[in-house]
Amino acid sequence: MIDPDDPQPDEGRSRPSSDTLSERDFARLAVIIERHAGIRMPPSKRTMVEGRLRRRLRALGLPDMNAYCRHVLDEGGLDGEMVDLIDAVTTNKTDFFREPDHFDFLVDEAIPELLRRRERGAIKLWSAACSIGAEPYTLAMLLADLTASNSNFRSSIFASDICTEVLESAMLGIYPEAMIAPVPMDMRKRYLLRAKTGARDRVRIVPQLRAAIRFGRINLMEAPYAADSDMHIIFLRNILIYFDRPTQHKVLTQLCNHLRPGGFLFLGHSETLAGQGLPLKPVATTVFQRS
Ligand SMILES: C[S@@+](CC[C@H](N)C(=O)[O-])C[C@H]1O[C@@H](n2cnc3c(N)ncnc32)[C@H](O)[C@@H]1O
């Protein structure tokens, strides 16, 4: 999980060599991480990875980085460490109402179009790399407002991530006050709770929204995905950038199998489908519709 204390590139110079991540060990870890989670780990990430793994070696009671690498790489510890290793190296930056034009498009264009098509049952949404929950809770706030103004409107939200730490945090739904700045004031009143005593710099999502989201762990590198195959809307934002092109293509192809014809796929603003040859046509900035 992202750690604001990630060391700067020149930190750690004075440490003994057994307490640094050697080029060779980093290269071996990079292959494991990319194979398992799809996340590219170029040599420039070595210091960042070393910083994040320091928490792991402390948790395992190991004396230094070399002992951690021997445990994971040479002494059979990898299977037991895989989930925590991946948790440690994922980058989980997120925000409420991130890339806000997507939420305008969702409410003003995508959902009305789905409703005009008289899709039966609930509108099904999937936040497929949900991090600590800001994205699915943003969706939940908007959908709760739609339900309040239209009693026939029904929806369901599934949210998944590979990282177990962020999923635990998302299920708790507790956030630092500073994170809620992008949430409109009227929504804060309806959907956020403030502690009466104690941690006043924290807010919590109201129970009705926490209950509206089903969370699960899905590694997008491991198909088939344990998710419904008839989603109306999939958010896959700010994750493809960590994958190489063949992996992007593999993941997008799988996700198309979970999207109904006419359903919408939202990617991050710096992500693209160019040349991927998928059954998706662009309908707004990094929003695509399944043919
Ligand atoms: C930068 S966050 C994006 C969060 C959110 N979608 C947003 O745009 O604000 C990327 C997320 O992708 C997750 N991730 C990385 N590799 C993954 C994989 N192979 N399968 C599922 N999730 C993955 C990370 O754990 C992280 O929480």
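In this predicted model, a backbone N or O atom of L220 lies 2.9 Å from a nitrogen atom of the ligand. A second backbone contact comes from I162, where an N or O atom of the main chain is 3.3 Å from a ligand nitrogen. N238 contributes through its side chain instead: one of its polar atoms lies 2.8 Å from an oxygen atom of the ligand. Taken alone, the ligand would expose 610 Å², and the protein buries 99% of that area.

The surroundings of the ligand comprise 22 residues. Those that come nearest are A37, T94, R98, D161 and N238. N238 thus appears both in this group and among the residues with a polar atom facing the ligand. The space that the ligand takes up is the largest pocket of the model.

The strands can be followed next, beginning with the sheet of seven. This sheet is open, its pairing is mixed, and its strands follow the order β6-β2-β1-β7-β8-β10-β9. Why do β6 and β9 each have one side without a neighbour in the sheet? Both stand at the edges, β6 with residues 213–217 and β9 with residues 280–284, and each has a single partner strand, so its other side is left unpaired in the sheet. From one strand to the next, the twist averages 25°.

Within this order, β7 and β8 are neighbours. Strand β7 covers residues 231–236 and strand β8 covers residues 259–267; the two pair in the parallel sense over five bridges. In this pairing I233 stands opposite F264 of β8.

At the β9 end of the sheet the pairing is antiparallel: β9 and β10, the latter spanning residues 287–290, are joined over four bridges. Here P282 stands opposite F288 in β10. The two strands form a hairpin with two residues between them, and T286 in the turn has a positive phi of about 50°.

A separate sheet has three strands. It is also open, with the order β3-β5-β4 and antiparallel pairing. Its edge strands are β3, residues 174–176, and β4, residues 192–194, each of which pairs on one side only. The twist averages 35° from one strand to the next. Strand β5, residues 202–205, runs antiparallel to β3 and is joined to that strand by three bridges. One position in the pairing is I174, which stands opposite R204 in β5.

Two loops hold backbone features of their own. Which residues does a cis peptide bond join? They are A223 and P224, and omega is about 0° at this bond. P224 is placed in the loop between β6 and β7, that is, between an edge strand of the seven-stranded sheet and the strand that pairs with β8 in the parallel sense.

The other loop lies between α4, residues 78–89, and α5, residues 101–116, and contains E99. Although E99 is not a glycine, its phi is positive, at about 55°. A positive phi is thus found at E99 in a loop between two helices, and at T286 in the turn of the β9–β10 hairpin.

Note on methods: Residues numbered from 1 in each chain as written. Predicted model: local features only at pLDDT ≥ 70, side-chain atom pairs only at ≥ 80, totals over all residues. Heavy atoms only, no water. Pairing = 2+ DSSP bridges. Axes fitted to C-alpha atoms, helices over the stretch in contact; angles between N-to-C directions. Near = heavy atom within 4 Å. Polar contact = N/O pair within 3.5 Å; in protein donor to acceptor, adjacent residues only side chain to side chain. Areas by Shrake-Rupley, 256 points an atom, 1.4 Å probe, with all protein chains shown as cover. 1 Å grid on protein atoms, 1.4 Å probe; cavity = no way out; pocket = protein on both sides within 12 Å on 5 of 7 lines; lining within 4 Å. Sits in = over half its atoms within 2 Å of the grid points.
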